[in-house]
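Please open the structure in the viewer and display side chains as sticks. The tour proceeds by selection, with a short account of what is found at each stop.

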Amino acid sequence: MHRVAASSGPFTTCFSKFVSCNTYRIPSRRSLKTSASERRVPAFAFAFDIDGVLVRSSDPLPRAHMALNYLQSQRIPFILLTNGGGKHESERVDELSKKLDIPLDTSMFVQSHTPFADMNEYKDKTVMVVGGVEDNCRRVAERYGFKTVVTPGDVLTAYPEVWPFSQQLLPYYQTFSRPLPAPIDATSPSSSLKIDAVFVYNDPRDWGLDTQIIKDVLLSHNGILGTWSDKNGDASLPNKGFQQDGQPPLYFSNPDLLWAAKYHLPRLGQGGFREAFEGVWAALTGGPKNGVELYKTVMGKPHRPTYEFAEKRLIEHRKHLLRESGTNLGHLRRVYMVGDNPESDILGGNSYKSPHGTDWASVLVQTGVYKEGTTPAHKPRQIVRDVLDAVLFATAQEGWRR
Ligand code: G3P
Ligand code: MG
């Protein structure tokens with residue numbers, strides 16, 4: 001691990017002089033033609049984390065535009081790979097393009113819940129979507145093709161007694177909740193609301209309500225809300241009978257305990273909610289001490305499925321971006337995973353073994369969760385000041401002369 005000196009050297013100045021901030025745009029097809037033959041094909045690419053690397057909440061980080069603008073000027077492929085979400089990819093891409101003043105599109109963009117779009121087995125079922133602002137995540141799920149989507153807010157609006165401690169929020173939930181597709185009627189389970197899968201799409205805003213409703217679903221018989229499985233606690237069964245009675249699977253899209261928001265200290269993320277939920281689950285079931293675990297699937301960085309998904313996106317995007325290079329693209333030799341969170345970006349980049357033999361090199365920036373001068377929990381290939389230094393480091397590593 002080697003620290004790059006603060007980048008105020010001659011290279012940077014001529015760099016900034018080279019790429020004027022706001023004028024450069026993706027070259028037109030015609031100009032591409034003339035210089036195709038002289039165009040080099042980079043055998044490397046980038047995967048950029050968003051929060052703490054390109055933006056802090058809604059504010060773009062100082063040199064993010066210049067870094068991405070340079071890569072676009074050199075036709076060096078990159079994708080954005082975030083554990084964030086809460087809006088449809090097209091909406092976030094529009095927002096980020098404006099904020100960073102960089103043309104982006106959804107083919108180069110992966111959010112924590114983007115892989116849920118491929119889960120066709122639930123699209124004709126009734127799923128519960130948790131988290132995010134109002135019911136934005138429901139509408140994302142519907143745009144992914146999920147036909148029947150219920151939120152904890154819908155349940156509370158229909159049955160306020162289901163969670164006594166969010167009554168003051170009822171007016172808020174009533175502004176976007178929808179009628180349930182079926183009543184909660186424990187007396188006739190066959191016609192009562194049945195949940196077939198639970199997806200936590202984004203950071204929950206009402207941990208109390210969301211914890212209550214998810215717990216009710218996981219302790220129910222067959223995912224039928226309002227029922228209680230008589231297998232719960234049955235020591236003769238695996239997991240002491242918990243989640244042994246047709247309860248739906250539980251998916252979390254993002255493991256981040258902490259993330260870099262506007263505040264100067266990292267904030268609790270979706271991982272904080274999951275840890276709190278697991279605490280309640282353990283208290284209810286006896287937990288690991290009692291041989292009970294919470295069956296769940298956690299997606300997002302550092303987990304492999306997210307990197308596999310992202311690598312596929314990057315390879316496709318690279319093909320598309322360099323389609324007119326007129327030469328064989330060759331192998332994607334290295335991907336620089338640039339992130340601010342050692343637990344997600346760096347661990348994920350370090351442990352991802354690409355089926356294509358591509359080397360994923362992790363680069364840790366100091367503009368987010370990671371605090372300068374501390375020893376990161378997972379050792380990156382390089383520590384740098386910010387995203388522009390990450391690009392400078394990587395292009396120097398690759399001997400890429402502009
Ligand atoms: O909620 C988002 C947060 O967990 C981190 O996002 O972009 O740093 O992966 P990002
Ligand atoms: Mg981050």
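Select Arg 274 and Phe 252: in this predicted model, Arg 274 lies over the face of Phe 252, at 5.9 Å from the ring centre. A second contact of a charge with a ring is found by selecting Lys 123 and Phe 146. The charged end of Lys 123 sits over the ring of Phe 146, and the distance to the ring centre is 5.7 Å.

Turn next to contacts between rings. How many aromatic pairs does the structure hold? There are 26 aromatic pairs. Select Tyr 173 and Phe 176, one of these pairs. Their arrangement is edge-to-face, with 5.8 Å centre to centre and 65 degrees between the planes. Both Tyr 173 and Phe 176 are buried.

Now select Trp 207 and Phe 273, which also form an edge-to-face pair, at 5.7 Å centre to centre and 80 degrees between the planes. Colouring by secondary structure helps here. The pair links distant parts of the chain, 66 residues apart: Trp 207 belongs to helix α8 (residues 207–218) and Phe 273 to helix α9 (residues 270–285). Which of the classes buried, partly exposed and exposed applies to each partner? Trp 207 counts as partly exposed because its relative accessibility is 30%, whereas Phe 273 counts as buried because its relative accessibility is 0%.

For the last stop, select Phe 44, Phe 46, Phe 48, Phe 78, Tyr 336, Phe 393 and Trp 400 together; ring pairs link these residues into a cluster.

How values were computed:
Residues numbered from 1 in each chain as written. Chains lettered and ligands numbered in written order. Predicted model: local features only at pLDDT ≥ 70, side-chain atom pairs only at ≥ 80, totals over all residues. Heavy atoms only, no water. Phe/Tyr/Trp six-rings, centres within 6.5 Å; stacked < 30°, edge-to-face > 60°. Buried < 20%, exposed > 50% of the residue type's maximum accessible area, 1.4 Å probe, protein only. Helix = DSSP H or I, 4+ residues; strand = E, 2+ residues; numbered from the N terminus. Lys NZ or Arg CZ within 6 Å of the ring centre and 35° of its normal.
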